[in-house]
Amino acid sequence: MTHGISLHAEPAPITLVPARTALVIIDMQRDFLESGGFGEALGNDVGLLQGAVGPCRTALAAARAAGLLVIHTREGHRPDLSDAPPAKVARGAPERRIGDPGPMGRILIRGEPGHDIVAALAPRPGEPVIDKPGKGAFHQTDLDQMLRNAGIDTLAVCGVTTEVCVHTTIREGNDRGYRCVALGDACASYFPEFHRVGLEMIKAQGGIFGWVSDSGAFATAVRSTTQAA
Ligand code: TIU
């Protein structure tokens, strides 16, 4: 059945067809959410991101129950840093840059404990995990091909951080023709003001590059499809 369901969103409700909708959870990694990782190395208070975990769980549980495609992403680099632009590696405190050792292993390196997704949002077998070297989930990854193969036209996007990887991914997705809905309470930033304004930017001008909803509305909408089935 391919009927649509209405998701409460701003600037206007959006109709989702479950079979064509994916939940994309951006970079809910220990490196950003826990002490000793990349986020802290950049001078941030990582506690500010904790509030997104519960809402991401709400969205994830609803998406799984309804059989939606769930995609997780992780930002990180190869151990030899061959995929890391020097300009990116040069950011942050000199003694704690990408590839340097830390309490969760080498910072922002694939395979290290800090690169893992937090336990509360651990991917299940069969759920694609996109390892991305950049801020956007489409840059140098197979995400676009995967979504096209699955017939996806709409992305519900959550994770961290709102104005960096979530924004970049939504902008990339929008330019590729996907309808992108940010689940606002399931996103977070080290800068509460950037989070607030970041969401405003998406939905301004009639939804210039997307929509903004929240985890509760998403769960309610998605759950209605399982009840109707
Ligand atoms: N620093 C910051 O706000 N974000 C990142 O570096 N990556 C993501 O947003 N995932």
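Below are four short exercises on a predicted model, each with a worked solution.

The model is predicted, so local features need pLDDT of at least 70 and side-chain atom pairs count only at pLDDT 80 or more, while totals for chains, interfaces and linings use all residues. Residues are numbered from 1 along each chain as its sequence is written, and side-chain values use heavy atoms, with hydrogens and water left out.

**Exercise 1. Helix α7**

Work out what span α7 has and where α7 kinks.

- Step 1. Find the helix: α7 covers residues 192-207, which is 16 residues. Helices are DSSP runs of H or I with at least four residues, strands are runs of E with at least two, and both are numbered from the N terminus.
- Step 2. Take the span from the first C-alpha to the last: 21 Å. The expected value is 22 Å, where expected means 1.5 Å times one less than the number of residues.
- Step 3. Look for a bend: a kink of about 30° is centred on M201. The bend is the angle between axes fitted to the seven residues ending at a residue and the seven starting there.

**Exercise 2. The covered side of α7**

Name the buried residues of α7 and what covers them.

- Step 1. Set the cut-offs: buried is under 20% relative accessible area, exposed is over 50%, and partly exposed is in between, with a 1.4 Å probe and protein chains only.
- Step 2. List the buried residues: H195, G198, L199, I202 and K203.
- Step 3. Name their cover, which includes α6 (162-175), β9 (179-188) and β10 (211-213).

**Exercise 3. Two residues of α6**

Classify T162 and N174 as buried, partly exposed or exposed, then list their contacts.

- Step 1. Place them: T162 lies in α6, and so does N174.
- Step 2. T162 is buried because its relative accessibility is 1%. N174 is partly exposed because its value is 28%.
- Step 3. Contact means heavy atoms within 4.5 Å. Not counting residues up to four places away in sequence, T162 touches H167, C187, A188, S189, H195 and L199. With that same exclusion, N174 touches C180, I208 and F209.

**Exercise 4. The ligand**

Find polar contacts of the ligand with E75, K135 and C165.

- Step 1. A polar contact here is a pair of N or O atoms within 3.5 Å.
- Step 2. A ligand nitrogen is 2.9 Å from a side-chain N or O atom of E75.
- Step 3. A ligand oxygen is 2.9 Å from a side-chain N or O atom of K135.
- Step 4. A ligand oxygen is 3.2 Å from a polar backbone atom of C165.

Note on methods:
Polar contact = N/O pair within 3.5 Å; in protein donor to acceptor, adjacent residues only side chain to side chain.
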